[in-house]
Amino acid sequence: MNTALERIKNTIEPLRQQIINHKVYSVINDLEDLRVFMQYHVYAVWDFMSLLKSLQINLTCTTLPWFPVGSGSTRALINEIVAGEESDVDAEGEKKSHFEMYLDAMEQCGADTFEMDCFIAALKQTGDLEKAYAMASTPEEARNFVDFTFEIINSKQAHLQASTFTFGREDLIPNMFHAIVNDLNKKFPDQISLFKYYLDRHIEVDGDHHSHLALEMTAELCAENEEFWNAAEAATVASLKKRIELWDGAYYKISAKSLAAI
């Protein structure tokens with residue numbers, strides 16, 4: 001593997017371990033706990049798609065008239081990832097984005113989608129994140145997480161977008177969480193099957209094939225530019241810290257619920 005990629009991997013490994021071993025997983029004991037977790041996680045699923053589309057906008061031609069942009073290699077890489085994320089196959093064999101699949105899983109599980117529906121509707125109407133947060137009563141940790149993602153998006157620097165996408169999002173769901181979901185699915189198959197399917201697709205598509213494509217894309221965009229590599233590393237570290245804060249928010253929300261029930 002590219003030595004600069006290896007350097008970033010080594011730098012972020014302690015943060016990755018904090019995420020993979022986060023205490024939030026230890027408090028997900030029943031369906032209600034999972035519902036709370038999903039109401040936080042869905043923001044990361046949504047802005048993942050926004051980050052992905054920002055890469056497509058930067059690396060391909062999405063305006064008219066059409067002209068070739070960048071290298072054919074990066075165009076191929078990003079277009080393949082977009083196709084898989086934006087129009088995958090759901091559990092019923094229908095074409096859907098991973099975000100739409102996640103919302104379906106939330107609805108089946110009984111998680112409240114009103115907040116996210118309100119957020120999306122307000123953002124479509126106003127184009128203003130702050131107004132959308134206010135109208136949806138978005139948790140502070142989710143606001144901070146999305147705000148950081150859009151700082152990277154609005155930088156219009158493809159190497160930062162690619163590194164954040166590659167290292168800040170892929171391969172961050174631990175086996176422990178899959179085990180929790182599998183156990184809940186055995187007890188409540190009519191409420192968890194879609195979420196289990198979503199996670200299985202995440203492993204199959206995002207955590208394997210797409211992660212390799214994303215690594216190639218990051219390496220090609222940073223190339224031999226040490227300044228780009230340093231900036232990519234810093235952006236990745238910051239993005240992982242925001243993920244930890246998002247998980248902290250879910251943890252405290254679930255813990256508060258549990259204490260209130262005592």
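Which loop holds Ser137? The answer comes in one of the close-up views below, all of them drawn from a predicted model.

**Figure 1. The whole chain, a fold of eleven helices and two strands.** Before zooming in, here is the overall layout. Walking along the sequence, you meet the elements in the order α-α-α-β-β-α-α-α-α-α-α-α-α. The C-alpha trace extends over about 55 × 40 × 35 Å along its principal axes. A compact globule of 262 residues would have a radius of gyration near 18 Å, and the chain agrees with that, having 18 Å. Of the 262 residues, 52% count as buried. If you take contacts between residues at least 6 apart in sequence, 75% of them join residues at least 24 apart. The accessible surface comes to about 12100 Å², and carbon and sulfur atoms hold 53% of that area.

**Figure 2. Glu233 and Arg7, a salt bridge between helix 11 and helix 1.** The two side chains meet with an N to O distance of 3.1 Å. Glu233 belongs to helix 11 (residues 226-261) and Arg7 to helix 1 (residues 3-20), so this pair links distant parts of the chain, 226 residues apart. Is Glu233 buried or exposed? With a relative accessibility of 18%, Glu233 counts as buried, because the cut-off for buried is under 20%. Arg7, with a relative accessible area of 28%, is partly exposed. The pair also has company: salt bridges with shared partners join Arg7, Glu226 and Glu233 into one network.

**Figure 3. Glu86 and Lys53, a salt bridge between helix 3 and helix 2.** Here too the side chains meet at 3.1 Å, N to O. Glu86 sits in helix 3 (residues 72-86) and Lys53 in helix 2 (residues 31-59), so the salt bridge ties together parts that are 33 residues apart in sequence. Glu86 is partly exposed, at 36% relative accessible area. Lys53 also counts as partly exposed, at 27%.

**Figure 4. Asp90 and Lys96, with a note on charges across the chain.** The closest N and O atoms of this salt bridge are 3.6 Å apart. Asp90 counts as buried, with a relative accessibility of 8%. How many salt bridges does the structure hold? There are ten, and the Asp90 and Lys96 pair is one of them. As general background, side chains of opposite charge can pair when their charged atoms come close. Over the protein chain there are 23 positive and 41 negative side chains, and the centres of these two sets lie 2 Å apart.

**Figure 5. The cis peptide bond from Leu64 to Pro65.** Omega for this bond is near -5°. Pro65 lies in the loop between helix 2 and helix 3. For context when checking the backbone here and in the next view, most peptide bonds are trans, and most residues other than glycine have a negative phi.

**Figure 6. Ser137 and Lys156, two residues with positive phi.** Ser137 answers the opening question: its place is the loop between helix 6 (129-136) and helix 7 (140-155). Although Ser137 is not a glycine, its phi is positive, at about 55°. This serine is exposed, with a relative accessible area of 53%. Lys156 is likewise a residue other than glycine with a positive phi, near 60°. You will find Lys156 in the loop between helix 7 and helix 8 (158-169). At 63% relative accessibility, Lys156 counts as exposed.

**Figure 7. The surroundings of His41 in helix 2.** Is His41 buried or exposed? His41 counts as buried, with a relative accessibility of 5%. Which residues does His41 contact, once neighbours within four places in sequence are left aside? They are Tyr102, Ile173 and Trp247.

**Figure 8. The surroundings of Val237 in helix 11.** Not counting residues up to four places away in sequence, Val237 touches Thr11, Ile12 and Leu15. To give a sense of distance, Val237 and Asn175 are 22 Å apart in space, C-alpha to C-alpha, and 62 residues apart in sequence.

Technical notes:
Residues numbered from 1 in each chain as written. Predicted model: local features only at pLDDT ≥ 70, side-chain atom pairs only at ≥ 80, totals over all residues. Heavy atoms only, no water. Salt bridge = Lys/Arg side-chain N within 4 Å of Asp/Glu carboxyl O. Helix = DSSP H or I, 4+ residues; strand = E, 2+ residues; numbered from the N terminus. Buried < 20%, exposed > 50% of the residue type's maximum accessible area, 1.4 Å probe, protein only. Rg over C-alpha atoms; globule rule 2.2 N^0.38 Å. Contact = heavy atoms within 4.5 Å. Areas by Shrake-Rupley, 256 points an atom, 1.4 Å probe, with all protein chains shown as cover. Lys, Arg positive; Asp, Glu negative; His and termini not counted. Charge placed at Lys NZ, Arg CZ, Asp CG, Glu CD.
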